[in-house]
Amino acid sequence: MYRVNDIFYSLQGEGHNTGRAAVFIRFAGCNLRCSFCDTEFDTYREMTAEEIVASISTYPARFTVLTGGEPTLQVDEAFVDLLHQYGFEVAMESNGTRPAPKNLDWLTVSPKISGEKWKVESGWRLPDEVKVVFDEDTVPETYLPSPSTLRLSPILYLQPCDTGNAERNAIIINRCIDYIKEHPQWRLSLQTHKLIGFK
């Protein structure tokens, strides 16, 4: 059984796959408690893998995003294999503190400001993109392991933190833009779903 917070159909609002129609499976539970998180962890329903597949198969897109919370607390390779059997391309959004299934089609690691530092252990599935939440105090490089440890060059994104305060948000966005101009290995990721008002 899986603890599922929500299943919904929308567009991916962040990172490399921004704008793609996607079925989101939001899993309950997380091993971190970040102040800026927008997820309600404690509300969920228990579902079998087959019930999840039946639910997401009602939508026309065959791109699914496993998110949370922290999906690596529940999702394993067998679950990803099942989604592949039904024709789904499978992406995951993780905080990077636990190993992700190796058979994912796309892995986003978003290391967090609080809690455990992102880990890269021998044999772990490496990310396709890294997305760092940026605020006034963020030094993005401190969230990255050494290049020799990472063993590849994922796409690097900075995402301005949504503080809920328009004036502070504008300051953070401008600082983020300035940082990227000075450090062009990073790209800007905006939360387009918040900017234009969709789930």
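Are Tyr 2 and Phe 79 buried or exposed? Select the two residues in this predicted model, and you will find that both Tyr 2 and Phe 79 are buried. A search of the whole structure finds six aromatic pairs, and with these two residues still selected you can inspect one of them, in which the ring centres of Tyr 2 and Phe 79 are 4.9 Å apart and the planes stand at 45°, so that the pair is classed as tilted. Colouring by secondary structure shows that this pair links distant parts of the chain, since Tyr 2 belongs to strand 1 (residues 2-11) and Phe 79 to helix 2 (residues 77-85), with their positions 77 residues apart in sequence. Add Phe 27 to the selection, and you have one aromatic cluster formed by Tyr 2, Phe 27 and Phe 79.

Next, select Phe 8 and Phe 24, which form a stacked aromatic pair, with 4.9 Å from centre to centre and 5° between the planes. Phe 8 lies in strand 1 and Phe 24 in strand 2 (residues 21-27), so this pair ties together parts that are 16 residues apart in sequence. Phe 8 is buried, with a relative accessible area of 9%, and Phe 24, at 6% relative accessibility, also counts as buried.

The last two stops bring charged side chains and aromatic rings together. Select Arg 20 with Phe 63, where the charged end of the arginine sits over the ring, 3.9 Å from its centre. Then move to Arg 3 and Tyr 44, where Arg 3 lies over the face of Tyr 44 at 5.9 Å from the ring centre.

Definitions and conventions:
Residues are numbered from 1 along each chain as its sequence is written. This is a predicted model: local features need pLDDT of at least 70, side-chain atom pairs count only at pLDDT 80 or more; totals for chains, interfaces and linings use all residues. Side-chain values use heavy atoms; hydrogens and water are left out. Rings of Phe, Tyr and Trp (its six-membered ring) pair if their centres lie within 6.5 Å; planes under 30 degrees apart count as stacked, over 60 as edge-to-face and the rest as tilted. Helices (H or I, at least four residues) and strands (E, at least two) are DSSP runs, numbered from the N terminus. Buried means under 20% relative accessible area, exposed over 50%, partly exposed in between (1.4 Å probe, protein chains only). A charge sits over a ring if NZ of Lys or CZ of Arg is within 6 Å of the ring centre and within 35 degrees of the ring normal.
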